[in-house]
Amino acid sequence: MKNIKKHISPVSLLIIVGVIILLASVALWCTKVRNSKKQVFNRMLDTSLSSSSASKVVTQSDESQTLRQRITLNTTPEQRVHEVDERFVQSSGTLVVTESIGTPQADFTRYTNIKTSQKSRSGGAFDFSKVLNVWGKSNQNSD
């Protein structure tokens, strides 16, 4: 024990004590301040609100039809929602695909694909070429 005391200088002892106090302070700060419930919640909000886009795919089906929606929300450079809906009706073999774009000022929608096994009155196939890829516009109310 006497040999150890002779080899440790007062400066070394102060450095060791300082490092121990520093490590204890950092550990205390991490557990009490940085990882507090309020700080974790605020960091979660900062991170989630900094995201520039989000996407979601939803599929719903029952015995008669299937609906698949792909939705993308963009917040930069401008707010915009892009949605593609695919609806398939099993009983008639009908597939209808629509695309929608929503902005704060207006909504735009178009049919991108329509296929059906149903026949017209004359017995021929339906002609949807006049409505395919034609954008419709709906203005937002400014109430």
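The following exercises, each with a worked solution, concern a predicted model of a protein.

**Exercise 1. Overall form**

Determine which order of helices and strands the protein follows along its sequence, and how its radius of gyration relates to that of a compact globule of 143 residues.

Solution. Begin with the secondary structure, which comprises three helices and six strands. Read along the sequence, these elements follow the pattern α-α-α-β-β-β-β-β-β. Turn next to the overall dimensions: a compact globule of 143 residues would have a radius of gyration near 15 Å, whereas the protein has 32 Å. The spans of the C-alpha trace along the principal axes are about 110 × 40 × 20 Å. As for burial, 12% of the 143 residues count as buried, and the protein exposes about 11500 Å², of which carbon and sulfur atoms supply 58%. Finally, consider the contacts with a separation of 6 or more, of which 24% are accounted for by residues 24 or more positions apart.

**Exercise 2. Charges and salt bridges**

Work out how many salt bridges the structure holds, and state for the pair Arg110 and Glu99 whether the residues are buried or exposed.

Solution. Consider the charges as a whole before the individual pairs: the protein has 19 positive and 11 negative charges, and the mean positions of the two sets lie 19 Å apart. The structure holds three salt bridges, which can be taken in turn.

- Glu86 and Arg70 meet through their side chains, with an N to O distance of 3.4 Å. Because Glu86 lies in strand E3 (residues 80–89) and Arg70 in strand E2 (residues 65–74), this pair ties together parts that are 16 residues apart in sequence. Glu86 is partly exposed, its relative accessible area being 26%, and Arg70 is likewise partly exposed, at 33% relative accessibility.
- Glu78 and Arg80 form a salt bridge through their side chains at 3.7 Å, N to O. Here Glu78 is partly exposed with a relative accessible area of 39%, and Arg80 is partly exposed with 29%.
- Arg110 and Glu99 form a salt bridge in which the closest N and O atoms are 2.5 Å apart. Since Arg110 belongs to strand E5 (residues 106–115) and Glu99 to strand E4 (residues 94–102), the pair ties together parts that are 11 residues apart in sequence. Both Arg110 and Glu99 are buried.

**Exercise 3. Contacts of three strand residues**

For Thr98, Asp107 and Asn74, establish which strand holds each residue, and which residues each of them touches beyond four places in sequence.

Solution. Thr98 is found in strand E4, and its relative accessibility of 16% places it in the buried class, for which the cut-off is under 20%. Setting aside neighbours within four places in sequence, Thr98 is in contact with Glu83, Val84, Asp85, Arg110, Tyr111 and Thr112. Arg110 in this list is also the residue that forms a salt bridge with Glu99.

Asp107 lies in strand E5 and is partly exposed, with a relative accessible area of 30%. Not counting residues up to four places away in sequence, Asp107 touches Ile101, Gly102, Gly136, Lys137, Ser138 and Gln140. A further distance concerns Asn139, which is 32 residues from Asp107 along the chain, while the C-alpha atoms of the two are separated by 6.4 Å.

Asn74, in strand E2, has a relative accessible area of 19% and is therefore buried. With residues up to four places away in sequence again left out, Asn74 touches Ser52, Ser53, Gln79 and Arg80. Of these, Arg80 is also the salt-bridge partner of Glu78.

**Exercise 4. Backbone geometry in two loops**

Identify where in the protein Pro77 and Asn133 are found, and describe the backbone geometry at the Thr76 to Pro77 peptide bond and the phi of Asn133.

Solution. Pro77 is found in the loop between E2 and E3, and the peptide bond that leads from Thr76 to Pro77 is cis, with omega near 0 degrees. Asn133 sits in the loop between E5 and strand E6 (136–139). Although Asn133 is not a glycine, its phi is positive, at about 60 degrees. In terms of accessibility, Asn133 counts as partly exposed, at 45%.

Terms used. Residues numbered from 1 in each chain as written. Predicted model: local features only at pLDDT ≥ 70, side-chain atom pairs only at ≥ 80, totals over all residues. Heavy atoms only, no water. Salt bridge = Lys/Arg side-chain N within 4 Å of Asp/Glu carboxyl O. Helix = DSSP H or I, 4+ residues; strand = E, 2+ residues; numbered from the N terminus. Buried < 20%, exposed > 50% of the residue type's maximum accessible area, 1.4 Å probe, protein only. Contact = heavy atoms within 4.5 Å. Rg over C-alpha atoms; globule rule 2.2 N^0.38 Å. Areas by Shrake-Rupley, 256 points an atom, 1.4 Å probe, with all protein chains shown as cover. Lys, Arg positive; Asp, Glu negative; His and termini not counted. Charge placed at Lys NZ, Arg CZ, Asp CG, Glu CD.
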